[in-house]
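Please open the model in your viewer and keep the selection panel at hand, since this tour goes from one selection to the next.

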Amino acid sequence: MTAPTPSKTPRRAPIGRRPAADPAMAWVHSEDGAVAQAKATVFTARLTIDVTPALRGRIKVIAFQRGITAADMLRELLEREFAEGKT
């Protein structure tokens, strides 16, 4: 008896169609039109300053006591100090 000769090209398993998009993921990645518009109109710039660890701690504690973020508190402070039209 002779053994069958192996073919030179390996057999490939058939690959089916690509699965349809997951509706849940499409919903997560989609943005409400109003939200996208608001993001496009608001521009912010990052400002980095060096402060002592003690000052940073005081800022964070006071912001927490006021129920706001440190960033929001500092933005308000900077707006008051450097108001538009004030020189």
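The stops below run from the whole chain to a pair of helices, then to a salt bridge and a surface patch.

Begin with the whole protein chain in a cartoon representation, bearing in mind that this is a predicted model. The secondary structure comes to four helices and zero strands, and from the N terminus on the elements run α-α-α-α. If you then switch on a surface, the chain exposes about 9200 Å², of which carbon and sulfur atoms supply 60%. Of the 87 residues, 3% count as buried.

Next, select residues 53–66, which make up helix α3, together with residues 70–81, which make up helix α4. How do these two helices pack, and at what angle? Their axes lie 8 Å apart and the angle between α3 and α4 is about 95°, which makes α3 roughly perpendicular to α4, as angles of 65 to 115 degrees are counted.

To see where the two helices meet, show the side chains of Ile 59, Ile 62, Ala 63 and Arg 66 in α3, and add Ala 70, Met 73 and Leu 74 in α4, with which they are in contact. Within this group, centre the view on Ile 62, a residue of helix α3, and draw a distance from its C-alpha to that of Met 73: the two are 11 residues apart in sequence and 9.0 Å apart in space. Although Ile 62 takes part in the contact between the helices, it counts as partly exposed, at 34% relative accessibility.

Stay on α4 and select Asp 72 and Arg 75, which form a salt bridge whose closest N and O atoms are 2.6 Å apart. That separation satisfies the criterion because a salt bridge requires the nitrogen to be within 4 Å of a carboxyl oxygen, and the count for the model comes to one salt bridge. Along the sequence the partners are three residues apart in helix α4, so about one helical turn separates Asp 72 from Arg 75. Asp 72 itself is partly exposed, with a relative accessible area of 35%.

For the last stop, select Leu 47, Ile 49, Val 51, Leu 77, Leu 78 and Phe 82 and return to the surface representation, where these residues form a nonpolar patch with about 610 Å² of accessible area together. One of them, Leu 77, is found in helix α4 and is partly exposed, its relative accessible area being 43%. Leu 77 can belong to the patch because its 43% is over the 30% that patch residues need.

Methods: Residues numbered from 1 in each chain as written. Predicted model: local features only at pLDDT ≥ 70, side-chain atom pairs only at ≥ 80, totals over all residues. Heavy atoms only, no water. Salt bridge = Lys/Arg side-chain N within 4 Å of Asp/Glu carboxyl O. Buried < 20%, exposed > 50% of the residue type's maximum accessible area, 1.4 Å probe, protein only. Patch = residues over 30% accessible without salt bridge, like charges linked within 9 Å, V, L, I, M, F, W, Y side chains within 5 Å. Areas by Shrake-Rupley, 256 points an atom, 1.4 Å probe, with all protein chains shown as cover. Axes fitted to C-alpha atoms, helices over the stretch in contact; angles between N-to-C directions. Parallel < 35°, antiparallel > 145°, perpendicular 65-115°, else oblique. Contact = heavy atoms within 4.5 Å.
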